[in-house]
Amino acid sequence: MVVKGRHSRGPSRKSSSSTLIFALLIMFSFLILILLALGILSIPNNSGDSPKPNDLSSIVHNTLDRSDGHDGRGDQWVEVISWEPRAFVYHNFLSKDECEYLINLAKPHMQKSTVVDSATGKSKDSRVRTSSGTFLARGRDKIIQKIEKRLADFTFIPVDHGEGLQILHYEVGQKYESHYDYFLDEFNTQNGGQRIATVLMYLSDVEEGGETVFPAAKGNFSSVPWWNELSECGKGGLSVKPKMGDALLFWSMKPDGTQDPSSLHGGCPVIKGNKWSSTKWMRVNEYKA
Ligand SMILES: *[C@@H]1O[C@H](CO)[C@@H](O)[C@H](O)[C@H]1NC(C)=O
């Protein structure tokens with residue numbers, strides 16, 4: 001009898017403790033589910049900490065590796081600078097040799113820069129733009145073809161939508177006051193239609209000043225990591241410091257095809273050093289060169 005009792009009690013005690021553990025597990029699971037539902041707990045999610053569109057303090061973290069070759073360009077990566085305007089910096093887009101090549105090609109042909117007269121659509125001299133410059137025809141030689149192919153790959157805009165490469169030189173005190181790259185006249189859109197995007201390539205470092213500034217950009221300008229290195233003019237907006245080989249892409253049009261007023265931009269006066277840059281303007285349609 002005793003033996004039988006022991007035997008009959010044994011399994012029932014075991015099953016009651018496993019039932020208890022099971023019940024506790026169920027309760028624990030429900031507790032976790034309730035906490036998740038109430039938002040007290042959250043599942044770690046790497047994409048969840050993506051920056052808000054105009055949080056300029058986050059831009060250093062928002063990089064995309066593009067390092068690919070040993071063609072003298074060093075590490076390449078793309079930095080999202082701003083979403084209003086849409087602006088991106090491709091670091092080490094050009095090699096030092098390419099920068100020097102473009103400068104030397106342009107040097108003998110530099111002329112005082114002009115701006116487009118919005119009444120007549122013709123070029124005119126201007127005090128708002130005091131640099132000198134020249135155009136290098138599209139597809140002019142192998143090196144330029146290679147650069148133009150790279151520009152098309154970066155912007156996703158075909159080579160034949162681009163105007164010729166413009167090379168610009170700013171000496172101390174020279175600048176380009178804020179303006180839009182899109183046209184406000186009929187004359188200039190006859191070939192290729194409106195300008196959709198611009199790539200500014202910096203062909204030299206500038207010791208001080210010479211920033212590209214977007215005064216109408218959205219966000220807190222002073223939260224950019226390089227704020228303390230900017231000139232007074234550069235602090236008047238969201239600024240990009242010129243660095244040899246870097247390319248700044250910005251869009252004059254929003255994704256819906258309308259003009260983007262936040263693309264207003266200018267070249268700050270050079271304070272120390274020399275600024276050489278190259279501009280590629282891109283059109284919505286094929287541009288007959
Ligand atoms: C802008 O950013 C700077 C630097 O991060 C900060 O000190 C300042 O309080 C910010 N301003 C606003 C209005 O958020």
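How many of the 289 residues of the protein chain count as buried? In this predicted model, the share that counts as buried is 32%. The protein chain contains three helices along with 17 strands. Its contacts reach far along the sequence: among those with a separation of 6 or more, 72% come from residues 24 or more positions apart.

Strand S3 makes a good place to begin. This strand spans residues 86–90 and is mostly covered, with four of its five residues buried. S3 is joined by five bridges to strand S2 (residues 77–83), and the two run antiparallel. Within this pair, Val80 has Phe88 in S3 as its bridge partner. The connection between them is brief to describe: S2 and S3 form a hairpin, with two residues between them. S3 is also joined to strand S14 (residues 247–251), here through four bridges and again in an antiparallel arrangement. In this pairing, Val89 finds its bridge partner in Leu248 of S14.

A further group of strands forms an open sheet. Four strands make up this sheet, in the order S9-S15-S12-S13, and their pairing is antiparallel. At its edges lie strand S9 (176–179) and strand S13 (238–240), each of which pairs on one side only. On average, neighbouring strands of the sheet are turned by 15° against each other, direction ignored. Inside the order, strand S12 (residues 212–214) and strand S15 (residues 265–267) run antiparallel and are joined by two bridges. Val213 stands opposite Gly266 of S15.

Turning to the helices, H2 (residues 96–106) offers a clear picture of two sides. Which residues of H2 are buried? They are Glu98, Cys99, Leu102 and Ala106. These residues lie on the same side of H2 because they cover an arc of only 105° around the axis. Asp97 and Asn104, on the other side of H2, are exposed. The cover over the buried residues of H2 is drawn from several elements, including helix H3 (142–155) and the strands S7 (132–136), S8 (165–170) and S17 (275–283).

Finally, the surroundings of the ligand can be described residue by residue. Ser57, Asn220, Ser222 and Ser223 are the residues around the ligand. By class, this shell comprises four polar residues, with no nonpolar and no charged ones.

Notes. Residues numbered from 1 in each chain as written. Predicted model: local features only at pLDDT ≥ 70, side-chain atom pairs only at ≥ 80, totals over all residues. Pairing = 2+ DSSP bridges. Axes fitted to C-alpha atoms, helices over the stretch in contact; angles between N-to-C directions. Buried ≥ 20, exposed ≤ 12 C-beta atoms within 10 Å, placed from the backbone. Contact = placed C-beta atoms within 7 Å. Near = placed C-beta within 6 Å. Nonpolar A, V, L, I, M, F, W, Y, C, P; charged D, E, K, R; others polar. Arc of directions from axis to C-beta.
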